[in-house]
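Open the model in your viewer and keep the sequence panel beside it. The stops below say what to select and what is there.

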Number of protein chains: 2
Amino acid sequence: MTTINDIAKLANVSRTTVSRVLNNNGYVSDEVRKRIMKIVEETGYIPSLSAKSLRTKKSGVIGVILPKISTETASRVVSGINEVVAGENFQILLTDTELNKEKEIEYIRLLQSRHVDGIILLATNINDRLISTIEGAALPFISLGQDLPGVTSIVYDDYHASVDMTNMLISQGHEKIAFIGVGEEDPSVGIERKKGYFDSLEKHQLPTNDSWIQLGDFSIESGYESMKKIVKRNEGNLPTAVFVVTDRMAIGAMEYLREQGIRIPQDMAVAGIGASTLSQYVTPALTTIDYFNKEAGKKAAELLLQQLKQKKEKEKFIQTYRLIKRDSV
Amino acid sequence: MTTINDIAKLANVSRTTVSRVLNNNGYVSDEVRKRIMKIVEETGYIPSLSAKSLRTKKSGVIGVILPKISTETASRVVSGINEVVAGENFQILLTDTELNKEKEIEYIRLLQSRHVDGIILLATNINDRLISTIEGAALPFISLGQDLPGVTSIVYDDYHASVDMTNMLISQGHEKIAFIGVGEEDPSVGIERKKGYFDSLEKHQLPTNDSWIQLGDFSIESGYESMKKIVKRNEGNLPTAVFVVTDRMAIGAMEYLREQGIRIPQDMAVAGIGASTLSQYVTPALTTIDYFNKEAGKKAAELLLQQLKQKKEKEKFIQTYRLIKRDSV
DNA sequence: CTGAAAGCGCTTACAG
DNA sequence: CTGAAAGCGCTTACAG
């Protein structure tokens, strides 16, 4: 492999000078600069970024920790992150926890050992070990999706999104609104969205009912099963709408309703969250909330890049959202 | 930052010994080993992989070059790759060409400068500069999706998949089968799939017709527009089926048909390729071909890992596929 | 405008 | 079983 020393020898200069040319800093005479560039071209020399990184303590790599790669939300976010960091010549080191909390912590350490310049975590839960690991890492760090204490966080406005969606269903005349949520380990989805639902009902003095409430695990199948339970438990007196906290689970719910010949939206209105491509093309098209995931990814990357340039105070950001009313309601 | 030297000092040994303990090679007395491990724990020491990589010429990182991150195919493949490499403690350095051929070449060089141990390219085109860049890189390299000369390649069986799908439409009694394809820059999708379609028609002595053939650009919208043109040009005498070379474009085509009140499949059968989640939940469910993208990603990663262990001859692999017949036909 | 030297944090023959 | 020394490929004060 050609190294900076080879180039220096071929050009009859010191490697100091070669380095200066390559990095475009310090004075180098035009003549020497040209001579060096020519040799670099000819040899196809590629500088070693490991060596550079060892020396400069900067790697030009951003670590990204995802709960699950093959998810539309994740891929939109990564796409947004990539769009901004690639523009600044950073690359992404990708890491997938497969929803395993231990791996979140493990990967933070791993990314640190790889000398990434910063980390973006698509957070799915909050716990003390996670937070102390982040603090210990002493690295520019952004949490996306959960509000982590002491960490710059970007969160979706889960509470208000959920209130808005429930209000909308109520404004359509629904009084018996079922709910399919997820567990509270994920505070944003599991707690905030549920809270919005209950608060809206309460404000409108509408009844709630345990048999209307089910918990899924984000999968399409779990939406199907949850819907099934709600229908079974309320035969003869079905709720007239169901608010599902993710599009995928909502799609599962719709599938079950279709199988049972329960018409959407005449017999039961369905609403989701996420604005997945799926939501747009199912029949009837699903009413949902767009969280602008790609924009959130961009925002996260921009904040990280800012932090790289100058240490900043930890901040909190709330992403905007948009309710998309479609035929399922 | 704590380094191996700090640990050595604290443990009263040389850094050679610390290195031996950390990497578990060479003889170290149990007593010393324990002493060192204890100090490593206490200090929270994290070895620098840049330094290690500089020294050993191995990084533990696999470069992945994608045409577009936020695509279901890409995310499935990456998920498969990650599953196998993560098991061997490799990470993925992700790179997105945004369908720009120049960037493919640029990123190969970039990944090389980052000392990745190998590269997996989701290839979308074939050209000489690309191939010579790959050869020049002299790195374990896998092409997924296109058969690159001189490079270990995994390809989908585009030709036979396309023949099978067309045969199936014919066996359903269709004699006027329209086709929505893509440009030939992408040989696998643009040439092979088209060839399969034409060969099947020819074998069954069925007519083709220029007004039945359109080219899209992979987007849902382009499927919509292509379908529109086909319908406009054949008013009063529509083909009875349309074979679309990707699910997304097929979804677009279905949308247009629905708008026009052309019933699927009674008035026009629709078939796609890709087995996207979308294809399953759209109404009517789309007949398509499953390419097992995640498996292909796994296979690519396994081949790469094998090459890392021992230089191997370049090989060619053809992925299997499965036709999924659903309500759109 | 240019170069000699030190050093980033590791690993690995080599010697004992 | 353990250590001294060299070296991986860079950058950066420092000196001239």
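The tour goes through a predicted model, taking the two protein chains together, then the DNA strands, then a second sheet and some backbone details.

**Stop 1: the two protein chains**

Colour chains A and B separately. Chain B superposes on chain A by a rotation of 180° with 0.0 Å of shift along the axis, at an RMSD of 0.0 Å. This is the relation of a two-fold axis. Now select the interface residues of chain B: 100% of them are also interface residues in chain A, so the copies meet through the same surface.

**Stop 2: the sheet with strands from both chains**

Show the cartoon and find the open sheet of twelve strands with mixed pairing. Its order is S11(A)-S5(A)-S4(A)-S3(A)-S1(A)-S2(A)-S2(B)-S1(B)-S3(B)-S4(B)-S5(B)-S11(B). Which strands are at the edges? Select residues 316-319 in chain A and 316-319 in chain B: these are the S11 strands, and each pairs on one side only. Direction ignored, neighbouring strands of the sheet are turned by 20° against each other on average.

Next select 118-122 and 141-144 of chain B. These are strands S3 and S4, which pair in the parallel sense over four bridges. B:Leu122 of this chain stands opposite B:Leu144 in S4(B).

Then add residues 72-87 of chain B, helix H5. Helix H5 lies across S1, S2, S3, S4 and S5 of chain B and also across strand S2 (91-96) of chain A. Its direction is at about 160° to S2(B).

**Stop 3: DNA strand D**

Select the protein residues around DNA strand D. There are 27 of them, and those that come nearest are A:Ile4, A:Ser19, A:Arg55, B:Thr17 and B:Ser29. Of the atoms of DNA strand D that come within 4 Å of the protein, sugar and phosphate account for 56%.

Which helices supply this surface? Helices H2 (15-23) and H4 (49-56) of chain A, together with H2 (15-23) and H4 (49-56) of chain B, each supply at least two residues. H4(A) gives the largest share, five residues. Coloured by class, the surface near DNA strand D has ten nonpolar, ten polar and seven charged residues.

Zoom in on three contacts:

- A:Arg15: an N or O atom in its side chain is 3.3 Å from a base nitrogen of DNA strand D.
- A:Thr16: an N or O atom in its side chain is 3.3 Å from a base oxygen of DNA strand D.
- A:Ser48: a backbone N or O atom lies 3.1 Å from a phosphate oxygen of DNA strand D.

**Stop 4: DNA strand C**

Move to DNA strand C, which has 27 residues around it. The nearest are A:Thr17, B:Ile4, B:Ser19, B:Tyr45 and B:Arg55. Sugar and phosphate make up 55% of the atoms of DNA strand C that come within 4 Å of the protein. Here H4(B) supplies the largest share of the surface, five residues.

Three side chains to show as sticks:

- A:Thr17: a polar side-chain atom lies 2.7 Å from a phosphate oxygen of DNA strand C.
- B:Asn23: a polar side-chain atom lies 2.8 Å from a phosphate oxygen of DNA strand C.
- A:Lys57: a polar side-chain atom lies 2.9 Å from a sugar or linking oxygen of DNA strand C.

Stay on A:Lys57 and look at the backbone. A:Lys57 is not a glycine, yet has a positive phi of about 65°. The residue sits in the loop between H4 and strand S1 (61-66) of chain A.

**Stop 5: the four-stranded sheet of chain A**

Hide the DNA and find the open sheet with parallel pairing in the order S7-S6-S8-S9 of chain A. Strands S7 (213-216) and S9 (269-271) are at the edges with a single partner strand each, so one side of each is left without a neighbour in the sheet. From one strand to the next the twist averages 20°.

Select 177-182, strand S6, which runs parallel to S7(A) and is joined to it by four bridges. A:Val182 stands opposite A:Gly216 in S7(A). Now add helix H9, residues 187-203 of chain A, which packs on the sheet and touches S6, S7 and S8 (241-244). The direction of helix H9 makes about 165° with that of S6(A).

**Stop 6: two cis peptide bonds**

Where is the cis bond of chain A to be found? Select A:Ile264 and A:Pro265, which it joins with omega about 5°. A:Pro265 lies in the loop between helix H11 (247-259) and S9 of chain A.

In chain B, select B:Thr283 and B:Pro284, joined by a cis peptide bond with omega about -5°. B:Pro284 is in the loop between helix H12 (277-281) and strand S10 (288-290) of chain B.

Terms used. Residues are numbered from 1 along each chain as its sequence is written. Chains are lettered from A and ligands numbered from 1 in the order in which they are written. This is a predicted model: local features need pLDDT of at least 70, side-chain atom pairs count only at pLDDT 80 or more; totals for chains, interfaces and linings use all residues. Side-chain values use heavy atoms; hydrogens and water are left out. Two strands pair if DSSP finds at least two bridges between them. Axes are lines fitted to C-alpha atoms, for helices over the stretch in contact, and angles run from 0 to 180 degrees between N-to-C directions. Contact means heavy atoms within 4.5 Å. Copies are superposed by least squares on the C-alpha atoms of residues with pLDDT of at least 70 in both. A residue is near a molecule or strand if one of its heavy atoms lies within 4 Å of it. A polar contact is a pair of N or O atoms within 3.5 Å; within protein, one must be able to donate a hydrogen and the other to accept it, and residues adjacent in sequence count only if both atoms are side-chain atoms. Ala, Val, Leu, Ile, Met, Phe, Trp, Tyr, Cys and Pro count as nonpolar, Asp, Glu, Lys and Arg as charged, and the others, Gly among them, as polar.
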